[in-house]
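Biologist: I am new to this structure, so could you show it to me and then explain the terms used for it?

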Amino acid sequence: MDEKRRQLLAGISIAGAGVLLNACRNTQSRTGGATNDENKNEGPAPGEAEPVEVTATEDLMREHGILRRALLVYRETVVKLRQDVGSVPPDALEKTAKLFQVFGEDYHERKLEEVFIFPAVRKAPGAAAGYLDILLAQHVRGREITDYVLSISQADRIASNSIEPLAKALESFVRMYEHHAAIEDTVVFPAWKAAVGANELDAMGEKFEDIEHEQFGGDGFDMALKRMEEIEQSLGLSNLDMFTAPSLG
Ligand SMILES: [Fe+2]
Ligand SMILES: [Fe+2]
C-alpha cells in the first residue's frame, strides 16, 4: 500500500471517501491476489494464501473488529491524557478518529447498516427491531463525538482545559460503542441473517463487496487493518501480550 492511499484512508487530506474512489484504483483486491477488477479471477501470487470467501455477516463483524481496535486506542489514550497529556500524540488520536469516521461511520454505518441491515430487521419478527431506534441515535451521537475528537486533535497540542472534557467524551464513546457493536453482533445481525435467507445472504455478500470497492477503490478492510496496525505501532500498543491479565497467584 502506498503512502498516498494510507493517508487517504485516514482522511488526513480529504473531506469524504468519494475522493478515495479515484485515488485508489490500482489497489489490491479483497481476495488478496488481484490488482483490480479486470484480473480479480487470477490466483494468488506465489507465497500468498488462497482467497477466502467472506460472508456478509462475517464482513460486518470483522468491521466491528477494526472499530474495537480503535476503541482500545481511545481507552488507552484516556489513561495517558490524565497521567501526562504530553505523552499523547494528537496526530495518532486524529488518525484513529478519521479511521473511525471514514470506515465506521461513513461506510459501515451509513452504507451498510442504515441502508440494508436496519430496514430489513425493522420488518422482521422478533426483538431485534426494538433496538433500531437506539442504534440509529447512537450512530448520530457517535458522529458528534468523532467530530469533537477531531476538532481537539487537529491542533499541534491538546490544550490543558480540553484534557478532562476529551477524556470524558472518549470514555462515553467507548462505553456506548462497545455495547452498540455487541448488540449488533449478537441480536441484530443474526436477525438480519434469518430475515434474508441463505441465497439472499450470498447476494448481499457480493453487494457489500461492490460497495466497499466503490467506496474505497479497493479492499477497505485491508486498508483499514493496515492503518489500525500503524496507529497501534506508533502508540506502543501493538504487542498483544501486554494486555494479558496478570496471574492471580
Ligand atoms: Fe451500528
Ligand atoms: Fe455496526
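Modeller: What follows is a conversation about a metal site and a helix residue. This is a predicted model, in which local features need pLDDT of at least 70, side-chain atom pairs count only at pLDDT 80 or more, and totals for chains, interfaces and linings use all residues. Residues are numbered from 1 along each chain as its sequence is written, chains are lettered from A and ligands numbered from 1 in the order in which they are written, and side-chain values use heavy atoms, with hydrogens and water left out.

Biologist: What makes E113, H139, H180 and E184 donors of the iron ion (ligand 1)?

Modeller: Donors are N, O and S atoms within 2.8 Å of the metal (3.2 Å for Na, K and Ca), and because water is not among the atoms, sites may look incomplete. Here E113 (OE), H139 (NE2), H180 (NE2) and E184 (OE) coordinate the ion at 2.0 to 2.2 Å, so they meet that limit.

Biologist: Why is the arrangement of the four donor atoms called irregular?

Modeller: Four donors count as tetrahedral if all angles lie between 85 and 135 degrees; four count as square planar and six as octahedral if opposite donors are over 155 degrees apart and all others between 65 and 115; anything else is irregular. The angles around the iron ion (ligand 1) run from 81 to 180°, which makes the arrangement irregular.

Biologist: Why does V73 count as buried?

Modeller: Buried means under 20% relative accessible area, exposed over 50%, and partly exposed in between (1.4 Å probe, protein chains only). V73 has 0% relative accessibility, so V73 counts as buried, and H139 is likewise buried at 0%.

Biologist: Which residues does V73 touch?

Modeller: Contact means heavy atoms within 4.5 Å, and, not counting residues up to four places away in sequence, V73 touches T96, M228, I231, E232, L235 and L237.
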